[in-house]
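Dear colleague,

Here is the structure I promised to pass on. Please look it over alongside the notes below.

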Amino acid sequence: LCLKSGNSAILRGGKEAINSNRALYKIINEALLDSGAPGEAVSFIDRTDRDLVAELLKMNSHIDIVIPRGGEELINMVTRESTIPVIKHDKGICMTFIDESADFDDAARISINAKVQRPGVCNAMETLLIHSGFDKKEALLYAIADHKVEIRGCPRTAAVLPGRVKNANEDDWDTEFLDLVLAVKIVDSIDEAMEHIAEHGSAHSDAIVTRNYVNAERFLREVDSAAVFVNSSTRFHDGGEFGLGAEVGISTQKLHARGAMGLEGLTCLKYVIYGNGETR
């Protein structure tokens, strides 16, 4: 994507994958030369010293953008230290809200897909919010638990499914489990659900399951995430699914790329003006 958008790229990985990265860079370099492109279009830092990262992040006269991919500690360090603009591809604390009017089959199918299909990815659901007026809470929780999902719930959730729910602690609402673990909270309104998303979400992907048009439109308008879904799984937030082809990742910030970031996200505007002697 960097090459197709006219950018050169500097690659730097962690010590855990240094041998694989060396092999991959060798293949990339050979492919560039075989195609007639300059080998220098892609550079590789063949050392894993952390001090090098701090130095690299200050080279704003040579580097236009930094895209950190990795754990929360790495992303926070890059954001803190860099004098170069950073595009963050941060954690995905994705949530699904089951509204009072939700169809049970939709609620079960969407929730199970969002949590179970690939639990270790950033667009998997980590928190399920259920309206207290939804009349099939027990059946929904059983359906999810039957897929070997560990449920960590609020006291009201534990009362719905005694013996199958672990008590959630405050950290669970802010955790990207990346596993078959799900935080569940019962709320009394769409307002309470959206307040929870605003406080604990990561602005990645959030969904509502509802048959209420007004609530669907409110959720789309008021939930400030990179992708919001009505009656669909958060697992669809993906460059390929959005028609972007390959993706750099999913940006959780607002400038300049947001959400699934493909080829266009690696470009910016350049104004080109043809004149005929005009002056101002």
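The notes that follow cover an aromatic pair and two surface patches.

Please keep in mind that this is a predicted model.

Aromatic pair. The count comes to 1 aromatic pair. Tyr 25 and Phe 44 form this pair, and their rings are stacked, at 5.4 Å centre to centre with 25° between the planes. Tyr 25 belongs to helix α1 (residues 18-34) and Phe 44 to strand β2 (residues 42-44), so the contact ties together parts that are 19 residues apart in sequence. As for exposure, Phe 44 is buried, because its relative accessible area of 16% falls under the 20% limit. Tyr 25 has a relative accessible area of 22% and is therefore partly exposed.

Nonpolar patch. Leu 11, Leu 24, Ile 27 and Ile 28 make a nonpolar patch of about 330 Å² on the surface. The element that gives the most to this patch is α1, with 3 residues. One of the patch members, Ile 28, is placed in helix α1. Ile 28 counts as partly exposed, at 31% relative accessibility; patch members need over 30%.

Negative patch. A surface patch of negative charge gathers Glu 170, Asp 171, Asp 174, Glu 195 and Glu 199. Among them, Glu 170 sits in the loop between β6 (165-167) and β7 (181-187). The relative accessible area of Glu 170 is 57%, so this residue is exposed, the limit being over 50%.

Regards

Conventions. Residues are numbered from 1 along each chain as its sequence is written. This is a predicted model: local features need pLDDT of at least 70, side-chain atom pairs count only at pLDDT 80 or more; totals for chains, interfaces and linings use all residues. Side-chain values use heavy atoms; hydrogens and water are left out. Patches are made of residues with over 30% relative accessible area and no salt bridge: like charges are joined within 9 Å, nonpolar side chains (Val, Leu, Ile, Met, Phe, Trp, Tyr) within 5 Å. Accessible areas come from the Shrake-Rupley method with a 1.4 Å probe; for residues, only the protein chains shown count as cover. A salt bridge is a side-chain nitrogen of Lys or Arg within 4 Å of a carboxyl oxygen of Asp or Glu. Lys and Arg count as positive and Asp and Glu as negative; His and the chain ends are not counted. The place of a charge is taken as NZ of Lys, CZ of Arg, CG of Asp or CD of Glu. Helices (H or I, at least four residues) and strands (E, at least two) are DSSP runs, numbered from the N terminus. Buried means under 20% relative accessible area, exposed over 50%, partly exposed in between (1.4 Å probe, protein chains only). Rings of Phe, Tyr and Trp (its six-membered ring) pair if their centres lie within 6.5 Å; planes under 30 degrees apart count as stacked, over 60 as edge-to-face and the rest as tilted.
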